Amino acid sequence: MKKVKLHDKEFELLIDAATIDQAIAKVANEINKDLKDTKPLFLSILNGSFMFTSDLLKQITIPGTEICFMRIASYEGTSSTGKIKELIGCNVNLTDRTIVILEDMIDSGRSMTYLIDYLKGKNPKAIKVATMFYKPKALTHPVTVDYCALELENDFVVGRGLDYDGLGRNYPDLYILSTATNE
Ligand code: 5GP
Ligand code: MG
Ligand code: MG
């Protein structure tokens with residue numbers, strides 16, 4: 001079994017790169033069909049989505065496709081509503097656009113819920129959600145996931161853009177925390 005050590009923890013192979021590539025190709029096909037007449041704007045959420053964005057967008061063939069990037073921090077305001085702060089903003093006008101949000105992972109759904117609320121304020125025509133990985137059992141904030149490459153159990157993973165404390169984003173495979181070190 002392929003293993004990697006990041007900081008103090010050991011991780012083992014969960015899903016190999018070829019399987020992830022295939023799953024992303026399926027998502028690209030679906031999007032190419034569904035959104036062919038929409039001149040979609042792909043909104044990549046940094047940092048985790050950089051690899052998914054690249055892998056997916058190489059296979060998008062829709063005329064008028066645009067890509068922009070956003071880095072966000074969500075924080076609680078004085079009320080219970082989450083707020084989004086754009087650390088790197090998208091400078092494309094979102095009004096009347098079909099936006100496809102690209103995420104590395106939907107876990108609790110919290111970040112995506114806040115992001116969708118925030119984007120609705122910019123009056124887009126439609127908002128679609130595409131994620132590389134999704135942990136449906138971890139979802140506490142309901143999100144409609146329009147496109148998902150692979151569903152996972154509720155475990156911590158790294159690789160393919162996802163990090164453990166800064167490390168592991170560059171791995172083409174996906175790794176799971178070894179149970180031996182998962183105390
Ligand atoms: P949320 O809980 O708001 O849905 O997830 C927020 C973000 O946390 C995800 O987009 C992803 O970047 C990160 N995240 C969630 N689960 C994991 C995981 O298993 N591993 C890593 N490295 N990051 C995760
Ligand atoms: Mg993310
Ligand atoms: Mg992280």
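This report walks through a predicted model, starting with a small sheet and ending with the surroundings of a ligand.

## A sheet of four strands

Let's begin with the sheet. It is an open sheet of 4 strands, arranged in the order β1-β2-β10-β9, and the pairing is antiparallel. Its edge strands are β1 (3-6) and β9, each of which pairs on one side only.

You can follow the pairing strand by strand. β1 and β2 are antiparallel and share 4 bridges. Across this pair, Lys 5 stands opposite Glu 10 in β2, while Leu 6 has Lys 9 in β2 as its bridge partner. The hairpin of β1 and β2 has 2 residues between the strands, and there His 7 takes a positive phi near 50°. Moving along the sheet, β2 and β10 also pair in the antiparallel sense, over 4 bridges. Here the bridge partner of Ile 15 is Leu 174 in β10.

## Helix α1 and its two sides

Next, take a look at helix α1. Residues 17-34 make up this helix of 18 residues. From its first C-alpha to its last it reaches 26 Å, close to the 26 Å expected at 1.5 Å a residue.

Which residues of α1 are buried? They are Ile 20, Ile 24, Val 27 and Ile 31. Seen down the axis of α1, the buried residues fall within an arc of 55°, so they line one face of the helix. The cover over these buried residues includes β2 (9-15), α2, β6, β7, β8 (147-151) and β10 (174-177). Try turning the model around: on the other side of α1 you will find Ala 18, Gln 22 and Lys 33, which are exposed.

## Unusual backbone spots

Some backbone angles deserve a second look. Most residues other than glycine have a negative phi, and most peptide bonds are trans. With that in mind, three places in the loops are worth visiting.

A cis peptide bond, with omega about 0°, joins Leu 46 and Asn 47. Asn 47 sits in the loop between β3 (41-46) and α2 (50-57).

Asp 96 is not a glycine, yet it has a positive phi of about 65°. You can find Asp 96 in the loop between β5 (82-88) and β6. Is Asp 96 buried or exposed? Asp 96 counts as exposed because it has 10 C-beta neighbours inside 10 Å, and the cut-off for exposed is 12 or fewer.

Asn 123 is also not a glycine and has a positive phi, of about 55°. Its place is the loop between α3 and β7 (126-134). Asn 123 has 11 C-beta neighbours inside 10 Å, so it counts as exposed.

## Around ligand 1

Finally, let's visit the ligand. How many residues surround ligand 1? There are 17, and the closest are Asp 107, Ser 108, Arg 110, Ser 111 and Leu 162.

Where do the residues of this shell come from? β6 (98-106), α3 (110-120) and β9 (157-158) each supply at least two of them. The largest share comes from β6, which gives 4 residues. Sorted by character, the shell around ligand 1 holds 8 nonpolar, 4 polar and 5 charged residues. Two of these elements have already appeared above: β9 is an edge strand of the sheet, and β6 is part of what covers the buried residues of α1.

Methods: Residues numbered from 1 in each chain as written. Chains lettered and ligands numbered in written order. Predicted model: local features only at pLDDT ≥ 70, side-chain atom pairs only at ≥ 80, totals over all residues. Near = placed C-beta within 6 Å. Nonpolar A, V, L, I, M, F, W, Y, C, P; charged D, E, K, R; others polar. Buried ≥ 20, exposed ≤ 12 C-beta atoms within 10 Å, placed from the backbone. Expected span 1.5 Å × (residues − 1). Arc of directions from axis to C-beta. Contact = placed C-beta atoms within 7 Å. Pairing = 2+ DSSP bridges.
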